[in-house]
Amino acid sequence: MSKRLEDMTQQRTAKVQKLRQRGINPYPNRYARTHTARDAKALFAEDGADLGTVVSVAGRVMAHRRMGKATFVDIQDGSGKIQAYFGRDQIGTEGYELVQELDLGDFIGVKGTLFKTRTGEITVSVSDFTILAKALQPLPEKWHGLVDVEKRYRQRYLDLISNEETRDIFLKRSHIISAMRRFLDGRGFIEVETPVFQPVAGGARAHPFVTHHQALDQDFYLRIATELYLKRMIVSGFDKVYEIGRIFRNEGISIRHNPEFTTLESYEAYADYNDVMAMLEDMVSAVARDVLGGAKVTYGEHVLDFAPPWKRITLRDAVREACGLDLEDSLRDGGHGLRRAMEDRGMALDQTLSPAYLVDKLVSTFVEPGLVQPTFLIDYPADTTPLAKTKPEDPLMVERFEAFACGMEFANAFTELNDPVEQAARFTQQEEWRARFGDDEAEHYQEDFIVALEHGMPPTGGLGVGIDRLVMLLTNQQSIREVILFPQLKTKW
């Protein structure tokens, strides 16, 4: 803490003591608010002639302007700002002197009637006020535009106080998630909750976080996906289920990756990945219209159109167009041909990489950057997706798609593998890759899930949506940290 900031904090602390000496509690338990700032303004707009209506509003002091025997204070609550007028004649000399002791950042409640100033601003003419919380720390000097990126992330509350754009992003995020729920609920899906602690980390390729359960004396993993438990719900007879929740992957941090993030996963019985594609483009376009007023959104220098139908291209065709490599032919020898072809194109490869990693690296290098408008990349090599059903006409490929926009994947889906014998064989192959290639992100064998499949699971289409990335696209944010309220940072205190 700087010397100047320390002095300001001490001054505010001294004010708290003075208030207590005067018999004023600077932190009362409650306040009877009758209107938000927005509601009070709307009330006046509806019936401005009724100047006798008394309102009580409350919020944070954001501006303080003294003009002789009158002081104007801007008060901000969760709905917006409203101006309050303090006149010495209305509140008395003692009360007026107390107004001068207010600091930016303090919370106050004011009671009075509404009127409009000569400049046309709806204002509360204060007859009584209460200090609700004395702020000991001052707001940033440039509270109207806090720009220190690290401080914005570490002290997000200051960012939300200071920057209207930040507040708008997180209001939109909330509305986006609500709109997704309404869409799925309207289609007959039910929302369920599955375990965060799981005995085996499964449902995705990722490094898990490990924790220890004291009562059971057993290590558990924070979930890397909700998939395997949601598919158990399909086995149980629920035809349409979804979950919106946090996922934890112990991996790198970048502008598109955060170790803790939010996903939507949905599963629909008697559907395949074509049905899921249609549902996803309907859902995203409906959400964009609901929250933003239209299906076209600006992202960076591009205008994205989320109105259906989106472009669809097979992974094989996309790779061939991007770098001239026939992916399917290159994978027929267990990935050796693919490795040689990638090295011939100047790519430096770790010799321990499994075929799944090779495909991921190839696609991220050559294909993804060219996918600007919303696009479905469909039909992936079976080796990359051990939980997906193979295509009847081509057992080397599975019915899977990923959705991209501006080179960023924001959804992943497939027709779910429901054959327990084949699923067991796929898990066994994954374990072999773990040993052979050192692929510690390969799927673990999950006996309990196989037993569930042995009880029968109907044909099912599954979907995973990265909500943080979707919010990035819909709010024109280039970094995932801008759409996560409290992103992970290395602790400084």
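The questions and answers below walk through a predicted model, going from strands to cores, loops and helices.

Reader: Which strand pairs with strand E1 in the antiparallel sense over seven bridges and holds the bridge partner of Val54?

Author: Strand E1 covers residues 54–67, and it pairs in the antiparallel sense over seven bridges with a strand made of residues 107–116. Within that strand, Thr113 is the bridge partner of Val54. The strand asked for is therefore E4, since residues 107–116 carry that name by the numbering of strands from the N terminus.

Reader: What residue in E2 does Arg60 stand opposite?

Author: Strand E2 spans residues 70–77 and is joined to E1 by seven bridges, with the two strands running antiparallel. They form a hairpin with two residues between them, and in the turn Gly68 has a positive phi of about 65 degrees. Across this pair of strands, the residue in E2 that stands opposite Arg60 is Gln76.

Reader: How many residues of strand E3 are buried?

Author: Strand E3, residues 80–87, is linked to E2 by a hairpin of two residues, and the two strands pair in the antiparallel sense over eight bridges, with Ile75 standing opposite Ile82 in E3. Strand E3 is mostly covered, and of its eight residues the number that are buried is six.

Reader: In which sense, parallel or antiparallel, do E3 and strand E5 run?

Author: Strand E5 is made of residues 122–133, and three bridges join E3 to it. One of the pairings can be named, for Gln83 has Thr123 as its bridge partner in E5. The sense in which E3 and E5 run is parallel.

Reader: Which helix gives the largest share of the largest nonpolar core?

Author: The largest nonpolar core has 48 residues, and those that touch the most other members are Leu280, Met283, Phe306, Phe401, Phe410 and Leu463. The largest share of this core is ten residues, and they come from the helix of residues 273–292, which is H8.

Reader: How many residues are in the second, separate core?

Author: Phe401, one of the residues that touch the most other members of the largest core, has contacts that include Tyr273, Val276, Met277, Leu280 and Leu463, when residues up to four places away in sequence are not counted. Apart from that core there is a second one, and Ile313, Leu358, Val398 and Met457 are among its members. The number of residues in this second, separate core is 41.

Reader: Where is Pro309, the residue that follows a cis peptide bond from Pro308, found?

Author: The peptide bond from Pro308 to Pro309 is cis, and its omega is near -5 degrees. Strand E13 is made of residues 302–305 and strand E14 of residues 311–314, and Pro309 is found in the loop between E13 and E14.

Reader: Is Cys406, which has a positive phi, buried or exposed?

Author: Cys406 has a positive phi of about 50 degrees although it is not a glycine, and it lies in the loop between strand E17 (394–405) and strand E18 (408–415). Its relative accessible area is 12%, and because a residue under 20% counts as buried, Cys406 is buried.

Reader: How wide is the arc within which the buried residues of H14 fall?

Author: Helix H14 covers residues 447–454, and Phe449, Ile450, Ala452 and Leu453 are buried in it. Seen down the axis of H14, these buried residues line one face of the helix, while Asp448 and Glu454 are exposed on the other side. What covers the buried residues includes helix H7 (227–235) and helix H13 (420–437). The buried residues line one face because they fall within an arc of 155 degrees.

Reader: What is the relative accessible area of Gln477?

Author: Gln477 is found in the segment after helix H15 (467–475), where a polar atom of its side chain lies 3.1 Å from the backbone oxygen of Thr475. Leaving aside neighbours within four places in sequence, Gln477 is in contact with Glu165, Ile169, Tyr299, Met472, Glu482 and Val483. Gln477 is buried, and its relative accessible area is 8%.

How values were computed
Residues are numbered from 1 along each chain as its sequence is written. This is a predicted model: local features need pLDDT of at least 70, side-chain atom pairs count only at pLDDT 80 or more; totals for chains, interfaces and linings use all residues. Side-chain values use heavy atoms; hydrogens and water are left out. Two strands pair if DSSP finds at least two bridges between them. Helices (H or I, at least four residues) and strands (E, at least two) are DSSP runs, numbered from the N terminus. A nonpolar core is a set of buried Ala, Val, Leu, Ile, Met, Phe, Trp, Tyr and Cys residues joined through side-chain atoms within 4.5 Å. Buried means under 20% relative accessible area, exposed over 50%, partly exposed in between (1.4 Å probe, protein chains only). Contact means heavy atoms within 4.5 Å. The arc is that of the directions from the helix axis to the C-beta atoms. A polar contact is a pair of N or O atoms within 3.5 Å; within protein, one must be able to donate a hydrogen and the other to accept it, and residues adjacent in sequence count only if both atoms are side-chain atoms.
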